[in-house]
Every structure is written in C-alpha cells, then in structure tokens.
Amino acid sequence: MSDNPETTVDFGFRSVRRAEKAGLVRAVFDSVAPNYDRMNDLMSLGVHRVWKQVFVSDLRPSAGDTLLDLAGGTGDITFGWLRRGGGPVILSDINLSMLSVGRERAIERGFIGDLSLLVANAEQLPLPDRCVDRVSIAFGLRNCTDKSAVLREARRVLRPGGRFLCLEFSRVTVAALAPVYDAWSFRVLPQLGWIVAKDADSYQYLAESIRTFPDQQTLAGMMRDAGLGRVTVRNLSGGIAAIHAGWRL
Ligand code: SAM
C-alpha cells in the first residue's frame, strides 16, 4: 500500500487524504470515549459481550503466555484474558482518552500487577521483534489507515509459534439478516449516538466503516500476505462479526 500522504483512503463512505485519516479517527474516539462502554451495550443489545467472550476463549489464555492487545481501548479483551488466568498483558491504543478509561477500569477491577499500558500506533509498534505470545485486535483494525502494516507488525512482534487474532465486523452471510442489520446500522445507531452522547456523526462513521472493511476472504488473504500461516475464519452471528486467526510459524 502506498504511504504517500496525498493518496486517498476511506473514512467511512468518504475518501480523505491518507495523512488526514488518523486525526479524524482520533476525533471519533476522543468524542466517544466517555460513553464507549455504555454505547457498545446499547448498540449491540449486549451481543458484543458474547463475541468478546468467544474471542477471549479463542486466545486460549495461559499464565505462561504474554498478550499484546492492540487498539485495546477501554480494555475488554485485556480484562477477559486476565480474568481467565492469562499472563502479563500490554494494553495498547493510539488514543489516550480511550486508554485513560481503560486505566480507570483496570484499577476498579484490581488488575494492575500484570498490566502495562502503551500509547502506540498499531501500524508502527515501539516493541522489539518476537516479544509476545499472542496479539489481539478487537474492533480496531477497521479504524487503522494501513491495515496491512498492522498485520505485518503483529507478525513481527510475535514469537515463532505465537498467534494473532482479530475480532471485527464483517460481511453478513445470512441474506435474511441484511435488511434488518442495515436499518439498525444506518437509522438506529446514529440516533442512539445522538440521544446518549449528543454525537450522531461518530456512530454514522461506525456504520459506514463496517461496510467498507474487507470481507472475510479478503482479510484472510491480507493476513497470509503479511506472513501469517494457517489462517482460519470463524463467523459470529451470521457474519455480522468474524474472528480471524493466524500463526507466526
Ligand atoms: N478493543 C476495544 C474493544 O473491543 O472494546 C476497543 C475498540 S474501539 C472500537 C477501536 C479502538 O481502535 C479505539 O480505541 C481507537 O483509539 C483505536 N485505534 C484506532 N486507530 C488505531 C491505530 N492506528 N493504532 C492503535 N489503535 C488505534
């Protein structure tokens, strides 16, 4: 992918200058951070909790293993990993507002010992090669400008035998679901955003960014191109979300 800042990339349904996208995404998450967890419950009617539980199980937490949780935001995946007996975690995100909510939640839950926080762009990680056993990214890859760079970085920091897992919205595979899902995404979500957080635009971006994200097979191909092996895809709720997994062999 070109890294010329003048080329364009998608920001929801809009095309914006490549150099502009990170700032626009930052503004979205600065705006949603205080209401992020409440809005997730409302928008998904609680289903995101089930998807995250399945995702954490697929990470196979183990006390001897370390996790890098990329775009980890307010910490749901990190806390799931620690709750299930996983080893030390780096909770990382580009956005200080989201990470600050994550830090408060970690303190409330008593998860401090095995947790470090890192403000970092997932496209350019300030970490050495081969330093962690798992890399997770949940609902984060969609927001990154250079998704292939994130996948390459994930592979670079994994130890051989380590595993990368991505939980993300994907392409609905059950035709009957599509009209209801579209109505929910484009009519209900922006209104909910307005009512709860006085911010319809960020939730309009959310719905649009889901539609422009690569489908299951395209993302699996991008993972292989980044050097990850034995790539698998698991659809959740008829493809509304999917878990992609791959190994550093
Ligand atoms: N993983 C959390 C969860 O599942 O609840 C948070 C997901 S939230 C929808 C997306 C997160 O991606 C935001 O916290 C945002 O700041 C982060 N993000 C966006 N672009 C990023 C980048 N280039 N590098 C790291 N994090 C990024």
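**Entry 1: D133**

I began with D133, which touches G64, D65, T66, L158, R159, G162 and R163, when residues up to four places away in sequence are not counted. I note here that the model is a predicted one. I then looked up where D133 sits, and I found it in strand β6, which covers residues 132–138. Is D133 buried or exposed? Its relative accessible area is 14%, and the cut-off for buried is under 20%, so I recorded D133 as buried. I also looked for a polar partner, and I found that the side chains of D133 and R159 are joined by a polar contact of 3.1 Å.

**Entry 2: R105**

I turned next to another charged residue, R105. R105 belongs to helix α5, residues 96–109. With a relative accessible area of 13%, R105 is buried. Which residues does R105 contact, apart from its neighbours within four places in sequence? I listed D37, T74, G75, D76 and F79. Two of these partners received a closer check. The side chain of D76 makes a polar contact of 3.0 Å with the side chain of R105. For T74 I noted the backbone oxygen, which lies 2.7 Å from a polar atom of the R105 side chain.

**Entry 3: the ligand**

I then examined the surroundings of the ligand. There are 19 residues around the ligand, and Y36, A71, D93, A122 and A138 come nearest. I sorted the shell by residue class and recorded 11 nonpolar, 5 polar and 3 charged residues.

Which atoms of the protein lie opposite the oxygen and nitrogen atoms of the ligand? In the side chain of Y36, an N or O atom is 2.8 Å from an oxygen atom of the ligand. For K52, a polar side-chain atom lies 3.0 Å from an oxygen atom of the ligand. A138 contributes a backbone N or O atom, which lies 2.9 Å from a nitrogen atom of the ligand. I also looked up how much of the ligand is covered: taken alone the ligand exposes 590 Å², and the protein buries 97% of that.

**Entry 4: the nonpolar cores**

In soluble globular proteins, nonpolar side chains tend to be buried together. I therefore looked up the cores of this model. The largest nonpolar core has 44 residues, and W51, F55, L167 and F169 touch the most other members. I chose F169 for a contact list. Leaving aside neighbours within four places in sequence, F169 is in contact with W51, F139, R142, Y181, L206, I210, F213, I240 and A241. A second core, separate from this one, has 29 residues and includes L68, V135, A154 and A220.

**Entry 5: helix α9**

A220 led me to helix α9, residues 216–225, whose buried residues are Q216, L219, A220, G221, M222 and M223. Against which elements do these buried residues pack? I recorded α6 (147–157), β7 (158–169), β8 (229–236) and β9 (241–247).

I took L219 as an example from this helix. Its relative accessibility is 1%, so L219 counts as buried. Beyond its neighbours within four places in sequence, L219 is in contact with L141, L151, C166, F213, P214 and H244. I also compared sequence and space: L219 and G246 are 27 residues apart in sequence, and their C-alpha atoms are 11 Å apart. Just after α9, I noted that G227 takes a positive phi of about 100°.

**Entry 6: W247**

G227 appears again in the contacts of W247, which touches G161, G162, R163, G227, L228, G229 and R230, not counting residues up to four places away in sequence. W247 is found in strand β9. At 23% relative accessibility, W247 counts as partly exposed. From W247 to P160 there are 87 residues in sequence, but the two are 8.1 Å apart in space, C-alpha to C-alpha.

**Entry 7: positive phi outside glycine**

I finally looked up residues other than glycine with a positive phi, and I recorded L45 and F139. Phi of L45 is near 55°, and that of F139 is about 55°. L45 has its place in the loop between α2 (36–44) and α3 (47–59), whereas F139 is in the loop between β6 and α6. Are these two residues buried or exposed? L45 counts as exposed at 66% relative accessibility, while F139 is buried at 12%.

Terms used
Residues are numbered from 1 along each chain as its sequence is written. This is a predicted model: local features need pLDDT of at least 70, side-chain atom pairs count only at pLDDT 80 or more; totals for chains, interfaces and linings use all residues. Side-chain values use heavy atoms; hydrogens and water are left out. Buried means under 20% relative accessible area, exposed over 50%, partly exposed in between (1.4 Å probe, protein chains only). Helices (H or I, at least four residues) and strands (E, at least two) are DSSP runs, numbered from the N terminus. Contact means heavy atoms within 4.5 Å. A polar contact is a pair of N or O atoms within 3.5 Å; within protein, one must be able to donate a hydrogen and the other to accept it, and residues adjacent in sequence count only if both atoms are side-chain atoms. A residue is near a molecule or strand if one of its heavy atoms lies within 4 Å of it. Accessible areas come from the Shrake-Rupley method with a 1.4 Å probe; for residues, only the protein chains shown count as cover. A nonpolar core is a set of buried Ala, Val, Leu, Ile, Met, Phe, Trp, Tyr and Cys residues joined through side-chain atoms within 4.5 Å.
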